[in-house]
Amino acid sequence: VQWLQARRYWDELISKLQVRRQGGFVGVDMLLFLLLFFATGVHRSLKRFGQWTTPYRKELAGLGGRKAFATPSSVSRYLSAVQFADVRALTQWLLVEACDSTALLQHPAVATYDTEGVPWHVFDWDGTSTALRHRALPLGDDLPEPVRRSAQTGSAGYKGRKRGEIRFMRATLQHAGTGLWLDAVLSPERSDTAASLPSALDAIETTWRKAGLARDRVVLRTDGCGGNVPFITACRKRQTPFLVRSAHYGLLEDPAIMEALRQATWYEVPSSGSGPTRLAAELGDVLLQPSKNTTTNEGERFEAICVRMVVSRFATAQKSGTGVVIDGWQYELYATDLPTAAWPAAELVELYYGRCGQENRFAQEDRELELDRIFSYNLPGQELATVVALF
């Protein structure tokens, strides 16, 4: 808090968080409470944190220039009134502008270098799912109609290995070389929808502008949720290079492509030694067709796009993970617009698997900040707590 005040960020931070509600504590009180909550490591619950701070309420309020320190119940009521527009006016300023990270981003050690020795800045974008259980509620003539607090928090859908009836997605953007979190968007929909990708692309642009990075030397890297025509189209409209895993495995049924694979020169992918030894080959430019049910916000069908496609394979008796198995080989596809000379097939596949480190960072944020827990059943309020935590 004192760091923010010394750099004159505190007042600007307060001015950016304006939530329309009737009376009670205001934005500065919430920011003070949440910053201290995540900074202390006492993360068991907002209520427990409120009990822990009771003897110091006057001093903690004074730290933020306030006369009273918010209570957990006040924080809960405030978070329930937050709207998405309130949070997103704050997010990128807090995570990008206010972190004083320019010198860090400009350091040679945080860049990723291609085969020509040119530095690139890699941004990882991925979504993690939080599942919520809907347990049976008591019913009876003498009982009021039951109300679920989480009714609007999420929606039914794919939950992976997590148990629950509904889920919401937390799509986060991270700079791979520094570990800086640069954007976070919560949504009851999948993480590859229009709800979260534009925000990530905005954050990338804000970052390279602020740090003075070369616009054509940044790359957005993500898994199969980005291997579709709408995602690639959005990246190209924003002139943001991309590297994604593609699920267009129907291409491998094309006789021309299968013949190209038989004639291809395969190169061994540099390996960390923790998985199978992959081989990679260049497929060249391939035409991708959009899904029949995929349309733009205006209701129009997406145009087919031509994209550079690279394929990898490893020997296996049965399928493990993503991809398809053909004649004892498991194949995976990668779509990109990175230049072939700078990123040959083998190095491109190696670059893609560098994103595995972000999975560890997801586990780290959950372990250290417990971001997998519920702070508010109002999803915008949950997003506000998440953004403050990442800061």
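**Close-up 1. The largest nonpolar core of this predicted model.** This core gathers 45 residues, and the ones with the most contacts inside it are Leu13, Phe33, Phe38, Phe69 and Leu384. Helix H3, spanning residues 27–40, chips in ten residues, the largest share. Take phenylalanine 33 as a place to zoom in: once its neighbours within four places in sequence are set aside, it is in contact with Leu46, Phe49, Phe69, Ala70, Thr71, Pro72 and Val75. Apart from this core lies another, of 44 residues, with Phe123, Leu180, Ala281 and Leu333 among them.

**Close-up 2. The hairpin made by strands S3 and S4.** Strand S3 covers residues 166–175, and six bridges tie it to S4 in an antiparallel arrangement. If you want a pair to look for, methionine 169 sits opposite serine 187 of S4. Five residues separate the two strands, and in that turn glycine 179 has a positive phi of about 80°. How many residues of S4 (181–187) are buried? Seven of its seven are, so that strand is mostly covered, with buried meaning under 20% relative accessible area.

**Close-up 3. Threonine 91 in helix H8.** Helix H8 takes in residues 91–95, and threonine 91 is part of it. Is threonine 91 buried or exposed? It counts as buried, because its relative accessible area is just 2%. Skipping residues up to four places away in sequence, threonine 91 touches Asp183, Ala184 and Val387.

**Close-up 4. Arginine 133 in the loop between S2 and S3.** Strand S2 runs over 119–132, and arginine 133 lies in the loop between S2 and S3. With a relative accessible area of 35%, arginine 133 is partly exposed. Which residues does arginine 133 touch, not counting those up to four places away in sequence? They are Arg163, Gly164 and Glu165. For a backbone distance to check, the C-alpha atoms of arginine 133 and lysine 162 are 10.0 Å apart, although 29 residues separate the two along the chain.

**Close-up 5. Strand S6 and its parallel partner S5.** Strand S5 (residues 218–222) runs parallel to S6, and three bridges join the pair. Leucine 220 stands opposite phenylalanine 242 in S6. Why is S6 (residues 242–246) described as largely enclosed by the rest of the structure? Because five of its five residues are buried. In a regular strand, side chains alternate between the two faces of the sheet. Here both faces of S6 are covered: one side carries Phe242, Val244 and Ser246, the other Leu243 and Arg245, and all of these are buried.

**Close-up 6. The largest cavity.** Searching the whole structure for cavities of 30 Å³ or more turns up one. About 40 Å³ of space lies in the largest cavity. Its lining is made of Leu201, Glu205, Trp208, Arg215, Arg238, Gln239 and Thr240.

**Close-up 7. Cysteines without disulfides.** How many disulfides does a search of the whole structure find? Zero. Cysteine 306 is in no disulfide, and the nearest cysteine sulfur, belonging to cysteine 235, is 16 Å away. Cysteine 306 is partly exposed, at a relative accessible area of 42%. Cysteine 99 also counts as partly exposed, because its relative accessibility is 22%, and the cut-off for buried is under 20%.

Methods:
Residues are numbered from 1 along each chain as its sequence is written. This is a predicted model: local features need pLDDT of at least 70, side-chain atom pairs count only at pLDDT 80 or more; totals for chains, interfaces and linings use all residues. Side-chain values use heavy atoms; hydrogens and water are left out. A nonpolar core is a set of buried Ala, Val, Leu, Ile, Met, Phe, Trp, Tyr and Cys residues joined through side-chain atoms within 4.5 Å. Buried means under 20% relative accessible area, exposed over 50%, partly exposed in between (1.4 Å probe, protein chains only). Helices (H or I, at least four residues) and strands (E, at least two) are DSSP runs, numbered from the N terminus. Contact means heavy atoms within 4.5 Å. Two strands pair if DSSP finds at least two bridges between them. A disulfide is a pair of cysteine sulfur atoms within 2.5 Å. On a 1 Å grid over the protein atoms alone, a cavity is a set of points where a 1.4 Å probe fits but cannot get out, and a pocket is an open set with protein on both sides within 12 Å along at least five of seven lines; lining residues have an atom within 4 Å of a point. Grid points are joined across faces, edges and corners, and a volume is the space filled by probe spheres set on the points.
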